[in-house]
Amino acid sequence: MEQTSSDSSDTLMTRSQFVWEQKKKLQSFFTAVQSILIVILIALVSTMMVQINQIQGTARVINYAGLVRGATQRLVKLEITGSPHDKLVQYLDDILNGLKYGEGQYELVRIPDADYQSRLDDQLAYWDKLKQEIQQVRAGGYQSSNVLGMSETYFDLADQTVTAAENYSEMLAQRIRFIEYVSVVDMVLLLLLILRHYVAARNIAKANKVLKQKAYLDVQTGLPNKSRCEELLQDSSFISPEEPTGCLVFDLNNLKNVNDSLGHSAGDVLISNFARILRNTIPSMDFVGRCGGDEFMVVIYHTDEAQILSHLNALKEEIERFNQYGKHTPISYAFGWAISTEYKECTLRTLFDKADHYMYLNKEKSKMGRDYTSTR
């Protein structure tokens with residue numbers, strides 16, 4: 001039978017350990033996913049910044065490529081009317097070089113697109129031919145040249161270059177939109193993971209709060225246990241004169257005799273009954289705890305001697321009523337109390353020690369058959 005119980009306990013422990021390990025693995029997985037999503041988001045944002053910079057440069061290229069297209073037509077018109085404009089030729093050369101190599105005074109970027117570069121090469125090659133034709137116009141007049149037809153051809157080539165640049169710009173815009181969509185999905189997933197972590201953290205905090213409460217709870221009586229009482233007594237700060245505090249200590253009489261004659265279950269009932277009556281008698285805002293097997297402590301805040309005595313009388317009446325009409329083992333107790341107004345400087349531990357001393361004096365009086373309702 002004992003072996004079966006041991007096996008069941010081992011099985012439960014193994015299952016609990018397995019569940020804990022699975023939760024730990026799952027948490028590690030989500031943490032890794034979150035880290036990956038953050039890295040991806042950083043990469044997406046960096047890529048988007050590069051793409052935005054490129055599309056801004058491309059817009060400038062499109063603008064200047066269109067300007068070359070129109071300025072060349074103006075140049076041809078000036079040449080056929082006998083108004084040579086070498087500065088305009090040089091201006092167009094500078095822009096075309098900037099479009100091709102991504103340098104020069106106009107701060108143009110080089111578009112790394114094969115179709116655009118091919119169109120631009122055709123335009124540059126024809127520009128050289130058009131300039132040669134312009135020299136013939138200057139030498140013998142435009143009637144003997146094909147400058148007008150060539151200017152139309154050049155206009156078409158320049159228009160194709162602009163279109164290729166626009167297509168490249170649209171491709172960049174599509175990439176940016178795609179990166180934006182992916183970034184949104186990434187951020188949504190990150191938000192969901194953050195929310196999951198938040199919910200998990202809140203659940204852990206609640207669980208820890210429950211565990212802390214259980215750690216300080218006396219299961220038998222439902223009162224704060226000895227650990228909580230000790231924690232309260234460890235406060236070394238002096239009690240403020242503006243906040244007079246009283247400490248009461250109670251000890252059940254004859255618990256050993258009850259345990260020996262009626263059994264420990266009867267003793268447990270005796271303890272539980274006294275704890276319930278004590279807790280119901282003391283105001284809810286004040287502290288009532290079980291500081292030992294049959295010992296209890298009470299801390300009453302913002303009080304005075306008259307109020308403490310009133311609580312003690314109320315407890316005495318409740319106990320007498322319980323003993324008279326109850327069917328359980330009669331309750332007998334000793335007590336002692338102390339209040340901070342009677343001492344110049346004191347801590348809660350000081351009051352507890354004083355109250356505990358008076359409780360033992362009270363207990364000795366009760367053993368000698370004297371009235372044990374007094375503490376002084």
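This short report walks through a sheet, two helices and two cysteines in a predicted model.

## The four-stranded sheet

Let's start with the strands. Four of them make up an open sheet, arranged in the order 2-3-1-4 with antiparallel pairing. Strand 2 (287-290) and strand 4 (333-339) sit at the edges, each pairing on one side only. On average, neighbouring strands are turned by 15° against each other, direction ignored.

Strand 2 joins strand 3 (residues 295-301) through four bridges in the antiparallel sense. Within this pair, phenylalanine 287 has valine 299 of strand 3 as its bridge partner.

## A helix across the sheet

Helix 8 (residues 305-325) lies across strand 1 (245-252), strand 3 and strand 4. Relative to strand 4, helix 8 runs at about 165°.

## Helix 2

Helix 2 (residues 86-101) has 16 residues, so at 1.5 Å a residue it should span 22 Å; its end C-alpha atoms are indeed 22 Å apart. Its buried residues include Leu88, Leu92, Ile95 and Leu99, and Asp93 and Lys100 are also among them. Just after the helix comes glycine 102, with a positive phi of about 70°.

## Cysteines without a bond

How many disulfides does the model have? The count is zero, taking sulfur atoms within 2.5 Å as the criterion. For cysteine 291, the closest cysteine sulfur belongs to cysteine 229, and the 5.3 Å between them is too far for a bond. Cysteine 291 counts as buried because its relative accessibility is 10%, under the 20% cut-off.

Cysteine 346 is also unbonded: its closest cysteine sulfur, in cysteine 247, is 10 Å away, too far for a bond. Cysteine 346 is buried, at 2% relative accessible area.

Methods. Residues numbered from 1 in each chain as written. Predicted model: local features only at pLDDT ≥ 70, side-chain atom pairs only at ≥ 80, totals over all residues. Heavy atoms only, no water. Pairing = 2+ DSSP bridges. Helix = DSSP H or I, 4+ residues; strand = E, 2+ residues; numbered from the N terminus. Axes fitted to C-alpha atoms, helices over the stretch in contact; angles between N-to-C directions. Contact = heavy atoms within 4.5 Å. Expected span 1.5 Å × (residues − 1). Buried < 20%, exposed > 50% of the residue type's maximum accessible area, 1.4 Å probe, protein only.
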